[in-house]
Amino acid sequence: MSSKKGMVIAILAAAVQHGIKTDGDYLEFNASAPNFQLTENFKLHEFLTKNKANTFTRINANIIAELQLYRTEFGSAVRISSSYRSSAYNKSVNGATSSEHQLGNALDTYPLNGNIKGWKQTVKRNKKSGGIGYYKTFVHIDTGRTRTWNGS
Ligand SMILES: [Zn+2]
């Protein structure tokens, strides 16, 4: 998917331009980083870990690019309820032990307008590889092994 690749390059370039550390395709930052417009609809801080004690965040530009592409097609605001999790933080929220959130490859996402069914359909139609977890109130997306599951 060439548009995704182009977007990954643009995300990494924007990060570098704002003094954000990159490691391959990953961005590394914390709550004191500048909160700039990273993609058309998302600012950097929307991807911060929800861990208030230690805000270090490592996130894959590929999952950010995917989210933006699905958001564009969906045509309405989407929010992130979970992003990067340190292993200690993942344990504290009872995350799966092999969670892609610990690698910075996963996002839990939900539509602001409440149309979770429409958001699920948009992700399902567009996501060609990696994981999709369908939950009652959010959709988990990751760049890991290609698989889908239904959560509660
Ligand atoms: Zn998740």
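Here are some numbered notes to help you find your way around this structure, which is a predicted model.

1. **The three-stranded sheet.** Start with the sheet that comes early in the chain. Three strands make it up, in the order β1-β2-β3, and the sheet is open with antiparallel pairing. The edges are β1 and β3, each of which pairs on one side only. Going from one strand to the next, the twist averages 25°. If you are new to sheets, it helps to recall that their strands pair through backbone hydrogen bonds, either parallel or antiparallel.

2. **How those strands line up.** β1 covers residues 21-23 and runs antiparallel to β2, with three bridges joining the two. One pairing you can look for is T22, which stands opposite L27 in β2. The turn linking β1 and β2 is a hairpin with two residues between the strands, and there G24 takes a positive phi near 60°. On to β3, residues 57-60: β2 pairs with this strand over four bridges, again in the antiparallel sense. Here L27 stands opposite I59, and E28 stands opposite R58.

3. **Two faces of β2.** Take a moment over residues 26-29, since this strand has a covered face and an uncovered one. L27 and F29 are on the covered face, while Y26 and E28 are on the uncovered face. That fits a general pattern: in a regular strand the side chains alternate between the two faces of the sheet.

4. **A61, at the start of α2.** Helix α2 spans residues 61-74, and A61 belongs to this helix. Is A61 buried or exposed? A61 has 26 other C-beta atoms within 10 Å, and 20 or more is the mark for buried, so A61 counts as buried. Setting aside neighbours within four places in sequence, A61 is in contact with V8, I11, L12, D25 and L27. L27 you have already met on the covered face of β2. A61 and N105 are 44 residues apart along the chain, yet their C-alpha atoms are separated by 8.6 Å.

5. **The five-stranded sheet.** Further along there is another open sheet, this time of five strands in the order β4-β5-β7-β6-β8, and its pairing is mixed. The edge strands are β4 (78-82) and β8 (147-150), each pairing on one side only. The twist from one strand to the next averages 25°. β4 pairs with β5 (residues 106-111) in the antiparallel sense, over four bridges. To see one of the matched pairs, find R79, whose bridge partner in β5 is Y110.

6. **Helices on that sheet.** Helix α2 packs on the five-stranded sheet, where it touches β4, β5 and β7 (139-142), and its direction makes about 15° with that of β5. Helix α4 (residues 116-126) packs on the sheet too, touching β4, β5, β6 (131-134) and β7. The direction of α4 makes about 135° with that of β5.

7. **Where α2 meets α4.** Two packed helices are described by the angle between their axes and the distance between the axes. For α2 and α4, the axes come within 10 Å and cross at roughly 125°. That angle is above the 65 to 115 range for roughly perpendicular and not over 145, so the two helices are oblique to each other. The crossing is right-handed. Which residues of α2 and α4 meet? From α2 come L69, Y70, E73 and F74, and from α4 come G118, W119, T122, V123 and N126. By class, this contact has five nonpolar, three polar and one charged residues.

8. **The loop between α3 and β5.** Two residues here are worth a look. N94 sits in this loop and has a positive phi of about 55° although it is not a glycine. Most residues other than glycine have a negative phi. N94 has 6 C-beta neighbours inside 10 Å, and 12 or fewer means exposed, so N94 counts as exposed. G95 is in the loop between α3 (87-92) and β5 as well. With 17 other C-beta atoms within 10 Å, G95 is partly exposed. Not counting residues up to four places away in sequence, G95 touches R85, N90 and H101. G95 and R85 are ten residues apart in sequence and 8.9 Å apart in space, C-alpha to C-alpha.

Key. Residues are numbered from 1 along each chain as its sequence is written. This is a predicted model: local features need pLDDT of at least 70, side-chain atom pairs count only at pLDDT 80 or more; totals for chains, interfaces and linings use all residues. Two strands pair if DSSP finds at least two bridges between them. Axes are lines fitted to C-alpha atoms, for helices over the stretch in contact, and angles run from 0 to 180 degrees between N-to-C directions. Two residues are in contact if their C-beta atoms, placed from the backbone, lie within 7 Å. Angles under 35 degrees count as roughly parallel, over 145 as roughly antiparallel, 65 to 115 as roughly perpendicular and the rest as oblique. A crossing is left-handed if the near helix is turned anticlockwise from the far one by less than a right angle, and right-handed if clockwise. Ala, Val, Leu, Ile, Met, Phe, Trp, Tyr, Cys and Pro count as nonpolar, Asp, Glu, Lys and Arg as charged, and the others, Gly among them, as polar.
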